[in-house]
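Reader: I'm new to reading protein structures and would love a close look at one part of this one. Could you pick a sheet and walk me through how its strands sit together, then show me what lies around it?

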Amino acid sequence: MRLRTQLALAFACLAIVPLALVLPWALSNLRRTLTQGFDARVASAMIAAQSVLEQVSKASTVGAEELADSPALEDFAREVHDGRAAPSTTTLGERLMKSRGLSVLSLLDSQGVTLSSGHLPARLGDRDPTLFAAAEQPPGREPMPVMVEVRGDAGPLRLPALVAARAVDYGDTRVWVVAGTLLDSRLAEELSRLTGAEVTIAGSGSTLAHAGAADPPNAEKTIDFPPIARLTFAFSRAPQVSAERGILRAFVLISGLGLLLAVVAGWVVARHLTRPLEALTAATRQLAAGSLGVSVREDSSGEVGDLVASFNRMSAELKSVTERLISSERTAAWQEVARRLAHEIKNPLTPIQMSLETLAAARGGGSAEFDRLFNEGVKAMLEEVERLRRIVDEFSRFARLPKPRLAAVDPAELVRQVLALYPARAEGVRLKTEISNGMTVQADRDLLTQVLMNLLKNADEAIGGEGEIAVRVRRHPDGVALEVQDSGPGVPAEHRSRVFEPDFTTKPDGSGLGLAIASRICQEHGGRLELDAPAGGGALFRLVLPASPER
Amino acid sequence: MRRLLLLAVGAMASSPPAPLPSANRLAAQIAERIVGQGAEPPVAIAVRSNSRALTDGFATLLAADLARAKMGPMVLSASADPIQAARAGGARSLVRLELRVENGQLIAQGDLLGTWVNFWSGKASTRPPEPAAILRASVNADADLAAFAAEGNHEFRRSGFASLPVRTAALAAGDLDGDGRDEVVALTDEELVVFAADGRVLAKRDQRRQAASPTPCREPAGAVVVLPGAHQVAYYSCRLGKAELLEFEPGQGTLKLVETGDAAPVARSADAVLWAKAVPGQNTFGPEIGAKDQTPFTLGGIFWTLSSGLSSTPPVYLAVFPGGTATVARGAVSDSERWVLRELGAGSGLVDFDGRGMPALVTSSPRYRPEPEEVRVLQLARLPVLKWSEVLPKGQILQVTSADLDGTKRQAALLGVWMPDGSSEIQLMRSIPPQ
Amino acid sequence: MSSARVSIFAAAAAFAHSLWVQPADAAARAKYGGTLRIAFTGPEAPPDPSLADAPSDAAMFRMSYEGLCRWQRGDRLQPVLAAEMAQAGPRAWRISLVDGAKMRGAGALTAHHVAQSWTRLSQQATLSPYRALLYPLRGEGRQLEGSVFSPSLLELSTSFAWPDLLASLCHPALAVAVPTRASGTPTGLGPFVSTSRDELLEQNPNFPLGRPYADRLKIAFVNGRRALRLLSLGQVDIVLGEADKTASIRSPIALYATYLAFKPERTGAEFRGDFESAVDRAQLTQFFAPAASVPMFNLLPPALMPQSATAASPASKRRASAPPLTLLYDQALPEQRLVAERIQVRLHDLGYRIALKPVSRSELRNRWALGQFDLMLHAVLMPPLPAPALAVAIELAGGHQLLASELPAIGAEPEGPRRELKARERAMALAAQLPLIPLYAQSAVLSASPRWYLPFDGQGLPDFDDAFAVGE
């Protein structure tokens with residue numbers, strides 16, 4: 001991983017770690033606090049609701065008592081006793097009910113027949129067994145939850161109520177006062193307003209009243225009035241949840257922001273640090289690739305600046321040293337070549353000299369075999385001259401060896417091209433290719449082509465028109481290997497080390513320069529040419545070239 | 001209350017009761033019955049009979065007996081409604097008795113009823129069940145009693161005179177044809193009819209074709225006055241909204257229009273006709289009256305009827321105002337001795353029954369459309385004394401006028417009575433001298 | 001207990017009757033003058049005389065809207081805007097109008113105005129059950145221009161003999177009401193005329209019967225209890241519509257009949273039987289109907305025919321599935337709400353689901369005219385004779401087609417008592433087939449201070465023009 005990235009990540013980590021440590025702790029703290037607050041609120045709301053319901057209960061009892069003691073009821077009882085029924089009794093119940101703030105009021109006679117009803121005036125004259133049962137209950141179990149029928153749009157509705165009953169006597173006539181409060185939507189609304197919860201009053205399997213709204217998730221509490229009604233309070237946790245979520249979101253946002261800042265800062269700092277280093281790295285690579293005199297032009301201070309300066313110095317020195325070396329190598333190479341040439345040329349000169357001396361001797365002696373000797377001698381001298389010319393040709397070719405112009409070459413494609421260019425093979429020559437793709441070498445295309453052609457020609461000659469030639473392109477620990485293997489006789493072991501010398505040849509008309517040139521070319525490429533004797537016989541020439549550095 | 005006491009005292013002062021054991025006995029018996037029924041004091045006593053003296057005397061005796069029994073008696077005036085008067089006086093029981101002498105028996109019969117009113121019940125006439133009893137007692141009448149009872153006992157007899165198909169608007173009498181006997185002129189919404197003293201129709205004038213006034217009258221109303229000596233009759237009809245002066249031609253039995261006007265002739269004075277302006281659309285006139293070419297005189301307000309008793313000297317005038325109050329003026333209209341009466345009926349008039357120059361006041365019941373109607377004859381005084389009252393079987397009296405039908409100066413009363421079926425009768429009421 | 005209640009009711013009725021003959025003291029003749037202060041306890045008066053059914057409303061309207069005649073007690077016809085009403089032939093009638101009667105905003109009264117007032121009862125927009133009163137006329141009273149002989153003469157001809165025609169014409173719904181250009185309310189002719197102040201009505205000096213005794217009427221619109229309080233304090237003289245225990249006057253003529261109209265195709269055929277078994281009429285009338293109500297068992301109110309209570313029907317079974325029904329009632333009448341609720345509750349026990357819906361009176365009439373209702377409490381002021389009342393009842397029940405077959409048979413009886421008998425018989429016979437359930441009948445309820453004398457006419461309405469102040 002690159003230094004820059006590493007540094008940036010390091011910064012980021014530096015920023016994240018404290019946040020990451022803080023967040024869960026803070027979040028759990030928050031959750032606990034919110035939950036505590038919620039529970040406290042729920043508890044206090046339920047207390048308030050209980051107190052309202054107690055008030056309602058008490059209102060029923062107090063209402064019944066107060067009505068029973070009131071003069072209005074006394075007059076009414078007297079009227080009932082005397083058998084006088086005023087038409088105003090129809091609305092009497094309603095008036096008394098409203099004036100005392102109750103929502104249920106029934107005046108019943110001793111048989112349970114309704115004498116006046118406030119919540120359902122239309123029931124006057126009918127028996128009301130439910131409320132009569134409530135009336136006959138002994139006091140002390142009050143107020144009683146009962147279902148009462150009240151006015152509704154499509155007929156009487158049954159709603160739960162808390163009622164209390166008292167008796168008013170006049171002579172031998174008894175009038176029951178049954179008063180109470182409905183557990184209806186008004187109460188539900190009041191409770192909902194008070195507690196902030198969604199209040200549902202349910203009875204006999206159906207919802208009778210409903211007020212308020214609480215978004216889920218909810219926490220529920222119930223208050224029962226068995227057997228008729230149940231009040232359910234649903235407190236919404238949604239605010240708490242949304243608070244939590246909000247804070248979490250804020251945290252995440254802040255963390256993200258911080259992270260971003262850290263990353264950006266890290267990047268900037270890293271860049272500041274690594275730029276000269278990268279320049280150095282690039283220059284080093286260039287240097288390694290062969291370009292000399294690379295210098296890094298970076299302004300940096302401190303240790304990095306020293307480093308850069310050292311590098312530049314080193315590069316300059318390397319350059320001068322390399323130039324000196326090359327020139328001395330060149331001189332050495334010329335010296336070597338001259339020596340070789342001299343040697344090569346001296347060889348054929350000797351037979352020529354001998355022949356001439358012989359001829360000279362023959363002529364002088366008027367030998368009968370002069371003609372013969374003359375012909376032989378001319379032949380031999382011509383051969384030597386030819387040899388000389390060949391040597392010169394090869395040496396000049398060798399000398400004219402251009403400096404390879406390196407470029408990126410795909411060895412696989414080059415090999416295929418060479419194979420395509422190679423003249424048609426004779427029958428009986430099997431060509432096998434194992435070419436791996438995806439490699440690149442820095443090479444001079446023409447020179448490599450020449451080398452491959454030379455190797456193929458040699459292989460061809462080696463198998464003599466019958467056999468197998470294998471051409472391979474494959475990866476090699478030192479780079480890329482191009483191999484040409486033939487199934488010929490091979491090269492004997494004692495000769496293996498000398499094949500690449502310029503004057504070695506086993507071929508009758510070879511100059512022995514081909515492989516040397518090929519080897520030279522390989523060396524110029526920074527690679528080498530090797531000869532191996534594979535297990536199955538034959539010769540394996542391997543051309544190893546350094547791989548082009550990966551971009 | 002004070003008035004009633006005064007009446008009682010006055011009655012005692014005017015006719016001291018003779019010691020008539022029968023009356024005493026009867027009073028004692030009745031008193032005993034009353035006490036025995038458990039009547040609650042104070043007890044009011046209302047006695048009626050044909051004789052004023054007998055009424056007053058018996059009432060006194062009964063009051064004395066009840067007072068002894070600690071019943072707190074009070075005697076009511078005969079003209080008032082006894083129940084109302086009893087309540088107004090604070091009585092808790094009321095005794096209503098009628099006395100008569102029949103076949104040698106002095107008979108008292110009537111009833112006893114409780115009149116106590118619960119304060120809280122307001123005006124509802126609650127009548128507690130006790131006491132309520134019928135009282136009847138009779139004793140043999142002494143010979144003196146009959147005489148006593150008969151003294152001052154004027155009887156009045158009513159009889160029919162004429163009937164008309166519609167209701168009378170006004171009634172008047174006067175000598176139209178100069179024969180010394182009064183003719184009777186009746187005005188209705190349809191016609192004006194002149195009757196002879198015996199009830200024959202002498203002349204009619206048809207009003208039906210005349211256009212009604214733009215302010216119609218709710219009831220038939222108007223005023224008629226006969227101008228004697230001139231053979232003329234002047235009338236005002238509320239329906240027509242105008243007055244006409246007609247000349248009566250006795251031979252031909254026709255009434256000829258002389259002139260029209262808009263002032264109503266309301267009464268006769270000694271020498272002239274008194275005119276007043278009619279309130280359009282109503283049955284009232286005034287408040288100014290006056291003879292032609294004389295300064296008008298303002299009465300107390302608009303009035304229903306103005307009746308004059310010209311046989312007395314100085315002449316007496318009676319003006320009845322809406323509501324039943326009336327003013328009696330003795331003397332010339334503009335300068336006279338006056339007093340106020342109350343509770344007069346719609347049909348009221350001054351009639352000199354006995355020709356002695358002291359007209360009596362004949363009036364109907366003070367109630368609106370009373371059932372039954374009652375005609376009362378009162379002695380005209382500051383405190384009028386009821387001399388006679390009679391209940392009519394049907395009808396209501398709306399007009400009363402005096403007529404001398406037989407030329408004897410003893411006038412009879414002519415009553416315009418509206419019948420329930422929309423017709424009317426003119427009834428005659430004469431006084432029968434005591435036997 | 002209920003028999004005691006009935007007897008008490010009877011006693012109250014007798015007591016009220018005794019107040020009927022209200023003797024006035026100390027006034028030998030009606031006195032002109034005074035301001036009659038009236039407190040009206042009903043809600044806002046309806047916009048048209050033909051909608052003024054309730055006796056209080058009808059009484060209010062009669063102050064300024066009169067018809068051709070009034071039906072007085074004793075079965076007597078008193079012409080008011082007509083000068084003369086006479087039968088000119090077996091099916092011909094001649095009515096001449098008074099001269100010079102002027103209506104505010106519409107000029108002099110003409111026969112055209114009369115025809116116009118009557119024909120609007122038959123128009124779709126203002127359809128009224130009282131058009132049955134005009135049914136005997138040729139063309140069913142829809143087109144009366146042909147009857148206008150001259151501006152002051154109406155020549156009416158009937159399709160069949162109908163001796164009670166003139167009595168029918170005295171009904172308050174047939175009062176002359178002529179629309180004016182100026183305002184929405186129609187104008188009419190009455191003993192009083194409206195003034196610039198809404199609450200004050202001045203006496204009309206040109207009223208054909210003669211100006212009323214009172215100079216003016218001062219009307220206040222207050223609720224019942226306050227009105228009674230004002231009465232006891234002496235600040236008003238008459239309270240229209242509310243009965244006080246001590247000062248109430250009730251006309252003994254209870255002609256304001258309330259019915260429950262139903263649509264058999266919506267309620268089912270057994271609705272009548274269910275209703276009879278569920279609702280006790282006597283109890284309904286005693287406790288839920290307003291004061292001065294009498295139970296009505298037959299098609300005609302008790303004032304017009306002796307009532308025969310139907311035999312107690314056997315208790316109906318609870319219906320398993322009843323369609324949801326709506327009961328319409330008049331929102332202006334507070335007692336109808338109690339009655340409607342009682343019916344709702346009692347029928348609920350038998351399984352009916354009835355929703356209550358108060359509507360305005362004109363809307364109620366409209367729905368009746370279109371037949372768009374399930375159940376409706378419908379109250380009408382019946383005419384005071386059985387034959388026209390039967391016509392109105394049949395019309396109310398939606399049996400307009402039946403009039404053609406029923407009325408001629410009744411009108412064929414020339415004698416009054418026999419005709420009444422026939423009308424009653426037909427009422428009994430038709431009761432079962434007309435979708436109309438009679439409930440109760442009311443009379444006008446007033447409380448009056450004894451300072452004023454107020455008579456009632458034969459329709460059971462007070463005659464305010466005959467009211468006068470009694471002595472001090």
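Author: Let's start with one pair of residues: E155(B) has I432(B), in β29(B), as its bridge partner. Keep in mind as you look that this is a predicted model. That pair belongs to a longer ladder, since β6(B) and β29(B), the latter covering residues 424–432, are joined by nine bridges and run antiparallel. Strands of a sheet pair through backbone hydrogen bonds, in a parallel or an antiparallel way.

Now zoom out a little. These two strands sit in an open sheet of four, ordered β6-β29-β28-β27 in chain B, and the pairing is antiparallel. What stands at the edges? There you'll find β6 (155–164) and β27 (396–403) of chain B; each has a single partner strand, so one side of each is left with no neighbour in the sheet. From one strand to the next, the twist averages 25°.

Chain B has another sheet to set beside that one. This open sheet has five strands in the order β2-β1-β3-β4-β5 (chain B), and its pairing is mixed. Its edges are taken by β2 (73–75) and β5 (132–140) of chain B, and again each has a single partner strand, so one side of each lacks a neighbour in the sheet. Ignoring direction, neighbouring strands here are turned by 20° against each other on average.

For a parallel example, try β1 of chain B, residues 43–49: this strand pairs with β2(B) in the parallel sense over three bridges. One residue to find there is A44(B), whose bridge partner in β2(B) is M74(B). Two helices pack on this sheet. Helix α2 of chain B, residues 21–36, touches β1, β3 (93–102), β4 (105–114) and β5 of chain B, and its direction makes about 160° with that of β5(B). Helix α3 of chain B, residues 52–68, touches β1, β2 and β3 of chain B, with its direction at about 155° to that of β1(B).

How does that fit into the whole chain? The secondary structure of chain B comes to five helices and 29 strands. Of its 435 residues, 49% count as buried. If you take the contacts in chain B with a separation of 6 or more, 53% of them are between residues 24 or more positions apart.

Over in chain A, there's a hairpin to look at: β8(A) and β9(A) form it, with three residues between them. Strand β8 of chain A (residues 218–225) and strand β9 of chain A (residues 229–236) run antiparallel and are joined by eight bridges. Within that pair, F225(A) stands opposite A229(A) in β9(A).

Chain A also meets chain C: 17 residues of chain A are in contact with 20 residues of chain C. The chain A side of that contact has eight nonpolar, five polar and four charged residues.

One last thing is how far to trust the picture. For the complex, the predictor gives an ipTM of 0.74 and a pTM of 0.65. Chain C averages a pLDDT of 84, and 91% of the residues score at least 70. Over residues 1–27 of chain C, though, the pLDDT is below 50, while this stretch has 35 contacts in the model beyond near neighbours in sequence. Where pLDDT is low, predicted coordinates shouldn't be read in detail.

Technical notes:
Residues are numbered from 1 along each chain as its sequence is written. Chains are lettered from A and ligands numbered from 1 in the order in which they are written. This is a predicted model: local features need pLDDT of at least 70, side-chain atom pairs count only at pLDDT 80 or more; totals for chains, interfaces and linings use all residues. Two residues are in contact if their C-beta atoms, placed from the backbone, lie within 7 Å. Ala, Val, Leu, Ile, Met, Phe, Trp, Tyr, Cys and Pro count as nonpolar, Asp, Glu, Lys and Arg as charged, and the others, Gly among them, as polar. Two strands pair if DSSP finds at least two bridges between them. Axes are lines fitted to C-alpha atoms, for helices over the stretch in contact, and angles run from 0 to 180 degrees between N-to-C directions. pLDDT is the predictor's confidence in each residue, from 0 to 100. A residue is buried if 20 or more other C-beta atoms lie within 10 Å of its own, exposed if 12 or fewer, and partly exposed in between; C-beta atoms are placed from the backbone.
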